[in-house]
Structures are given as C-alpha cells and as structure tokens.
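The following exercises concern the chain shown below. Each task is followed by a solution in steps.

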Amino acid sequence: MKPAAFEYSRPADIDEACALLAADDGARVIAGGQTLGPLMAMRLARPSRLIDIARIPGLAFVRDEGKEIVVGATTRQHVVENDPLVRAKLPLLAKVMPFVGHTATRARGTVGGSLVNGDPAAEIVLVAVTLGAILVWRDGGESQSIAASDFFLGPMVTALPLTACLAEARFPVWPEPRVGVGFHEINARQSDFAFVSAAAQIALDADGCCTRAAIGIGAATAVPLRLDAVADALKGQRFDEARVRELAKAALAGIEAMADLHASAEYRKRVAVTMAVRAIADAYQDAARRP
Ligand SMILES: Cc1cc2nc3c(=O)[nH]c(=O)nc-3n(C[C@H](O)[C@H](O)[C@H](O)COP(=O)(O)OP(=O)(O)OC[C@H]3O[C@@H](n4cnc5c(N)ncnc54)[C@H](O)[C@@H]3O)c2cc1C
C-alpha cells in the first residue's frame, strides 16, 4: 500500500517547524521516518502535511556540557551508537543502542523520534527514564524542559504539545570513577521490540560497595518504571544475588503489567525480576572492572 497524499514542508529552523504545526491540525513532524513511514504506508497515519526536520541545521549533535551530555533531537541513532563521548560518559545509552531496531533503522532513525514516539519498549526511552534525563522542546518561540519521567504518559502518549517540536535530550553524567552498566531484554528475535527489558547503572566505591544506583524496567508497563526502592536499598551493599532478587520481586509485585499476544502480564512480571537481577549483576561486574 502507498501513503495517502500529503503536503511536504522543509522548514529552515525549529520555530518555523512549530509554526507549521500550529497552522495545520493534520500536520506531523517527520525525522527519521522509521515509525511514521510504515504507519503511513499502512494508512494507519494520514498526515495532511509532513514537516521534515531532518535537515534543520543545529538539531543534530552530541555535546559535552560537563554535568550533562546533550543529544540533539535529529541526531541519528547510529551516530549516538558510535559516538566516543557517549561511550565514555553515557555508558548506559551506549550499551542499549545496538538493541534499538536494526542497523538499517538506526541509520535513519533519530533519538528525538524514538523519544517522541514514546514506545514503552523503546530502549532510548528506558535510558531517559532510568537516568532521569531532561527533555527540551520548542513551542511558540519558547523552550520548555520536562523530566523524562513526566514526559511519558502512556504507550505512545507523551506530554509534548501538538504544536511543539522536541529539540534535545539532556542526559546526566555520573562523575564517579567506577561506574558500570547492565542491560538485558527478552524478545522474539534480536532487534525486535522487547517484551521486557531492564537497565542498571551502578557506581561502586573502592571496596566494591554501591554508592549510587539507577534501575529501570521497560516494556512491562505502560511507561518505563524506575525501581528507586531497589536502587536505594543497594547503597552500601556488595552484590548479593538472592537479596537483589528479593528486592526486585518486592518492587515489581504490585505493578500493572501489560498483556498482549506476545506475553501475558504474569510472564512480564516474572521475567522483569530476572531481567533486573541480570542487569544489576552486570552493572556491578562492569563497575568492578574499572580502576
Ligand atoms: C523494523 C523496525 C524495528 C524497530 N525496532 C525497534 C526497537 O527494537 N527499539 C526501538 O526503540 N525502536 C525500534 N524501532 C523504531 C525506530 O527506533 C524509530 O527510529 C523510532 O521509533 C522513531 O524515530 P524516527 O526518527 O524514525 O521518527 P519518525 O518515524 O520520523 O517519527 C516518529 C514520531 O515522532 C514524531 N517526531 C519525530 N521527531 C520529532 C521531534 N523532534 N519533535 C516532535 N515530534 C517528533 C513524529 O511526528 C512521529 O509521530 C524499529 C523500527 C522498525 C522499522
């Protein structure tokens, strides 16, 4: 099937893109087209106008701002995957990038497109929530910032106003010398969307005790979950698998897990515990290898 007919605009800057959105209720931004393209081809989306932001100057970058690494909305996923700054300072984002779709989709798909699409199984969404990234959009000539945990409202539903364009994502950098990361996901085939995923970032002191942890679960619930109670309980502790399993079990006992053709809610709940334990174990091990 082919997409329904649409108008096409290529704005010079992000504010012009927002103005075009405001002028036409049926207009939609297109960035990498890896989600919107297939939806249009199947006629599940019929935008009256596509606003192509992919070539707007200054929207694709990875910038070191000391306490944060800032990623521009139209930065291609393969650029982030191979960026030395991301590898050095945002190890969790670097770790998940090879799991985001396929080489071909990462070549065109953007970081901003993944965030705005808001799929609860999207790895970039999980990292943004787990690390507490700040998302910045433009709307009506003004910038607005929001915590990732407030941005995602439900499956494919975000707080982004219809007239706004996401501009950048600001990921906090952990300054501790011994930071390790872990990521696990279960899916039908490698690179498919996950049924359940878990991400962990852990800082260790010289004795191998945790000084800080961030843990997130993706794809199990309508929006990714942060397991803050588990992260708090790990502080001062060496890795102890049985204890971590108990903590993860308790934290996930009351969640409202999603159910679909691929996986029941019970399965997602059970597997989330195992994914969390594996991600945390890997993060401890990874941190312990750092000098
Ligand atoms: C076969 C296949 C497998 C995939 N597997 C995975 C996977 O395992 N994990 C995963 O996370 N993703 C996966 N994806 C999705 C892929 O990562 C997409 O690239 C991503 O979801 C959307 O990014 P995009 O730049 O292509 O956005 P587009 O398709 O261009 O846009 C997606 C949505 O975001 C909006 N949008 C985009 N950018 C902005 C912006 N800056 N401001 C406002 N609105 C914006 C668009 O209007 C649209 O509604 C897969 C895709 C395919 C085709």
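**Exercise 1. Charge**

How many positive and how many negative side chains does the chain have, and how far apart do the centres of the two sets lie?

Solution. The model is a predicted one. Begin with the count, in which Lys and Arg are taken as positive and Asp and Glu as negative. This gives 32 positive and 33 negative side chains in the chain. Next, locate the centre of each set: the two centres lie 5 Å apart.

**Exercise 2. Overall fold**

Determine whether the radius of gyration of the chain agrees with that of a compact globule, and describe the fold.

Solution. First, take the length: for 291 residues, a compact globule would have a radius of gyration near 19 Å, and the chain agrees because its value is 19 Å. Second, consider the extent of the C-alpha trace, which spans about 60 × 45 × 30 Å along its principal axes. Third, list the secondary structure: the chain has twelve helices and 14 strands. Fourth, examine burial: 50% of the 291 residues count as buried, that is, under 20% relative accessible area. Finally, turn to the surface: the accessible area of the chain comes to about 13400 Å², and carbon and sulfur atoms account for 53% of this.

**Exercise 3. Phenylalanine 193**

Place phenylalanine 193 in the chain and identify its contacts beyond four places in sequence.

Solution. Start from the secondary structure: phenylalanine 193 is in the loop that lies between strand E11 (179-186) and strand E12 (196-204). Then set aside neighbours within four places in sequence; phenylalanine 193 is in contact with Asp119, Ala121 and Asn187. Lastly, compare positions: glycine 109 is 84 residues away along the chain, and its C-alpha atom is separated from that of phenylalanine 193 by 15 Å.

Note on methods: Residues numbered from 1 in each chain as written. Predicted model: local features only at pLDDT ≥ 70, side-chain atom pairs only at ≥ 80, totals over all residues. Heavy atoms only, no water. Helix = DSSP H or I, 4+ residues; strand = E, 2+ residues; numbered from the N terminus. Contact = heavy atoms within 4.5 Å. Rg over C-alpha atoms; globule rule 2.2 N^0.38 Å. Buried < 20%, exposed > 50% of the residue type's maximum accessible area, 1.4 Å probe, protein only. Areas by Shrake-Rupley, 256 points an atom, 1.4 Å probe, with all protein chains shown as cover. Charge placed at Lys NZ, Arg CZ, Asp CG, Glu CD.
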